[in-house]
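Please work through the exercises below with the sequence and the model open beside you. Each one sets a task and then solves it step by step.

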Amino acid sequence: VESRLSYTTVTNSAAVHTKTTMKTAIIATLVGSAAAFAPSPVARVESSLSYAKELDSMAGVSNEVGGKVWDPCGLSDYVPADWARRAELSNGRSAMLATVGWFFPKIFGTFDSTDVTTTDPIDAILQADPQWWCQFIVICGVFESWKYNQEMSGKSFLGGAAPAVDYLKLWPEDAAKQEELKLKELKNARLAMIGIAGLVSNHLLPGSCPVPPGF
């Protein structure tokens, strides 16, 4: 009897040990499988190009920004300064034209047209025939191509070289006056971008910006 009990005890212990070992193996397998699908740790790479030093020597630092470079979002660490200035001037010049276009029909009226008859700038965009927009896009492409060719020939749209467009001969010979003119254009461009944004905002949300009545 004792031998049978000892045999039974040993057999049960072996069975328990075997089950425990199998469970451990299964759990280890599952954990290993889950780890295979887990994202592997990737070393974080800092991408800082440090263009702030170039901004120090560029026009645009004036009283409005406290006499120092204003870049609260740190975009100059990721965007080349020359490219950012080109984009700023392009958008600013477009905003100046847009501001003139916003006020012109309300003051002088519209051209003789059968498709656009409103003085509301937003409504006029929707009234314009799609063919007009196609022509506008083609003209913009022609202008951009011409600008590129002019820059390839050594002329500039940013200053610092012979201007590509100067029909009124406003570009001075004196270096100090050139810097002054660049700063004036930049200030007007920034003001126009803020202005057209305010006009559009007030149009969509009346009373949201201090805009003269009727505009």
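The exercises go from the whole chain to one helix pair, then to its salt bridges and to single residues.

The model is predicted, so that local features need pLDDT of at least 70 and side-chain atom pairs count only at pLDDT 80 or more, while totals for chains, interfaces and linings use all residues. Residues are numbered from 1 along each chain as its sequence is written, and side-chain values use heavy atoms, with hydrogens and water left out.

**Exercise 1. The chain as a whole**

Task: determine how many helices and strands the protein chain has, and what share of its residues is buried.

Solution. Begin with the secondary structure, in which helices (H or I, at least four residues) and strands (E, at least two) are DSSP runs numbered from the N terminus. The protein chain has six helices and zero strands, and its elements, read from the N terminus, follow the order α-α-α-α-α-α. Next, take the accessibility classes: buried is under 20% relative accessible area, exposed is over 50%, and partly exposed lies in between (1.4 Å probe, protein chains only). Of the 215 residues in the protein chain, 17% are buried. Finally, with a contact defined as heavy atoms within 4.5 Å, 52% of the contacts between residues at least 6 apart in sequence join residues at least 24 apart.

**Exercise 2. The packing of α3 and α6**

Task: describe how α3 and α6 pack, giving the angle, the distance between axes and the handedness of the crossing.

Solution. Two packed helices are described by the angle between their axes and the distance between the axes. The axes are lines fitted to C-alpha atoms, for helices over the stretch in contact, and the angles run from 0 to 180 degrees between N-to-C directions. Helix α3 covers residues 81–108 and helix α6 residues 175–204; the angle between them is about 55°, and their axes lie 7 Å apart. Angles under 35 degrees count as roughly parallel, over 145 as roughly antiparallel, 65 to 115 as roughly perpendicular and the rest as oblique, and α3 and α6 are therefore oblique to each other. Their crossing is left-handed, a term that applies if the near helix is turned anticlockwise from the far one by less than a right angle. Among the residues that make the contact are Arg85, Glu88, Arg93 and Trp102 of α3, and Glu185, Arg190, Met193 and His203 of α6. By class, the residues of this contact comprise 13 nonpolar, five polar and five charged, where Ala, Val, Leu, Ile, Met, Phe, Trp, Tyr, Cys and Pro count as nonpolar, Asp, Glu, Lys and Arg as charged, and the others, Gly among them, as polar.

**Exercise 3. Salt bridges between the two helices**

Task: find which residues glutamate 88 and glutamate 185 pair with in salt bridges.

Solution. Side chains of opposite charge can pair when their charged atoms come close. The criterion here is a side-chain nitrogen of Lys or Arg within 4 Å of a carboxyl oxygen of Asp or Glu, and the whole structure holds seven salt bridges. Glutamate 88 pairs with arginine 190, with 2.6 Å between the closest N and O atoms; the two residues are 102 apart in the chain, glutamate 88 in helix α3 and arginine 190 in helix α6. Arginine 190 is partly exposed because its relative accessibility is 27%. Glutamate 185 pairs with arginine 93, here with 2.7 Å between the closest N and O atoms, and this bridge joins helix α6 to helix α3 across 92 residues. Glutamate 185 is partly exposed at 29%, and arginine 93 is partly exposed at 24%. A further step shows a network of salt bridges that links Arg85, Glu88 and Arg190.

**Exercise 4. Lysine 147 and its surroundings**

Task: decide whether lysine 147 is buried or exposed, and which residues it touches.

Solution. Lysine 147 lies in helix α5, and because its relative accessibility is 19%, it counts as buried. Its side chain meets that of glutamate 144 in a salt bridge of 3.5 Å, N to O. Both residues belong to helix α5 (residues 130–152), three residues apart, about one turn of the helix. Glutamate 144, at 48% relative accessibility, counts as partly exposed. Not counting residues up to four places away in sequence, lysine 147 touches Ser90 and Phe157.
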